[in-house]
Amino acid sequence: MLDPELLEILVCPETKEPVHLADDVLLARLNRAIAENQLSTQGGERVKEQLEAGLVREDGRILYPVRDDIPVMLIDEAILMEDLS
């Protein structure tokens with residue numbers, strides 16, 4: 001689990017908007033889309049790994065994956081939520 005103090009200071013590296021933890025319903029939708037090869041990263045790569053957690057940008061357009069309890073706040077690895085059907 002992510003440290004609550006860390007969550008308070010994390011922002012999107014691109015827009016500086018706050019981020020929040022994705023809920024279980026959203027994670028399930030994302031993991032279904034990943035299994036169906038429907039999601040891409042901002043860098044243009046298909047997302048292949050299922051998500052254990054993620055941080056959603058305030059505008060809801062981008063999700064930063066969390067792997068092994070470490071937020072991956074790299075712009076090119078951000079998942080495009082617009083691909084989510």
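This passage walks through the helix, strands, cores and loops of a predicted model.

A good place to begin is helix α2, which covers residues 24–35. At 1.5 Å a residue, its 12 residues should span 16 Å, and the end C-alpha atoms are indeed 16 Å apart. The buried residues of α2 are Leu26, Leu27, Leu30, Asn31, Ala33 and Ile34. Viewed down the helix axis, these buried residues fall within an arc of 160°, so they line one face of α2. The exposed residues Asp24, Val25 and Ala35 are found on the other side of the helix. The buried residues pack against strands β2 and β3. Both ends of α2 offer a detail to look for. At the N-terminal end, Asp23 acts as a cap, with a side-chain oxygen 3.2 Å from the backbone nitrogen of Val25. Just after the helix, Asn37 adopts a positive phi of about 60°.

The helix leads naturally to the nonpolar interior. The largest nonpolar core is made of 14 residues, and Leu26, Leu30, Leu39, Leu51 and Leu63 have the most contacts inside it. Helix α2 is the biggest contributor to this core, giving 5 residues. A second, separate core has 12 residues, among them Ile62, Val66, Met73 and Ala78. Returning to Leu39, its contacts beyond four places in sequence include Leu30, Ala33 and Ile34, together with Glu45, Arg46 and Val47. Leu39 also contacts Ile79, Leu80, Asp83 and Leu84.

Thr41 sits in the loop between α2 and β2. With a relative accessible area of 11%, Thr41 is below the 20% cut-off and therefore counts as buried. Outside its sequence neighbours up to four places away, Thr41 touches Val47 and the run Asp76, Glu77, Ala78, Ile79 and Leu80.

The strands come next, with β3 (residues 62–67) as the point of reference. In β3, 5 of the 6 residues are buried, so the strand is largely enclosed by the rest of the structure. Strand β2 (residues 53–57) runs antiparallel to β3 and is joined to it by 4 bridges. Within this pairing, Gly54 is opposite Pro65. The two strands form a hairpin with 4 residues between them, where Gly60 has a positive phi near 75°. Strand β5 (residues 79–80) also pairs with β3 in the antiparallel sense, over 2 bridges. Here Ile62 faces Leu80 of β5.

A further antiparallel pairing, over 2 bridges, links β3 to strand β4 (residues 70–71). Arg67 has Ile70 of β4 as its bridge partner. The hairpin of β3 and β4 has 2 residues between the strands, and Asp68 in its turn shows a positive phi of about 55°. Asp69, found in the loop between β3 and β4, has a positive phi of about 65° although it is not a glycine. Most residues other than glycine have a negative phi. Asp69 is partly exposed, with a relative accessible area of 43%.

Which strand holds Arg57? Arg57 belongs to β2, and it is buried, with a relative accessible area of 4%. The side chain of Arg57 makes a polar contact of 3.4 Å with the side chain of Glu14. Setting aside neighbours within four places in sequence, Arg57 is in contact with Cys12, Glu14, Thr15, Glu17, Pro18, Val19, His20 and Ile62.

Pro18, one of these partners, lies in the loop between α1 (4–9) and β1 (19–21). Although 39 residues separate Pro18 and Arg57 in sequence, their C-alpha atoms are 6.1 Å apart in space. Beyond four places in sequence, Pro18 touches Leu10 and Val11 as well as Val56, Arg57 and Glu58. A relative accessibility of 40% makes Pro18 partly exposed. The loop between α1 and β1 also contains Lys16, which is exposed at a relative accessible area of 55%. Lys16 is not a glycine, yet it has a positive phi of about 70°.

Key: Residues numbered from 1 in each chain as written. Predicted model: local features only at pLDDT ≥ 70, side-chain atom pairs only at ≥ 80, totals over all residues. Heavy atoms only, no water. Core = buried A, V, L, I, M, F, W, Y, C linked by side-chain atoms within 4.5 Å. Buried < 20%, exposed > 50% of the residue type's maximum accessible area, 1.4 Å probe, protein only. Contact = heavy atoms within 4.5 Å. Pairing = 2+ DSSP bridges. Polar contact = N/O pair within 3.5 Å; in protein donor to acceptor, adjacent residues only side chain to side chain. Expected span 1.5 Å × (residues − 1). Arc of directions from axis to C-beta.
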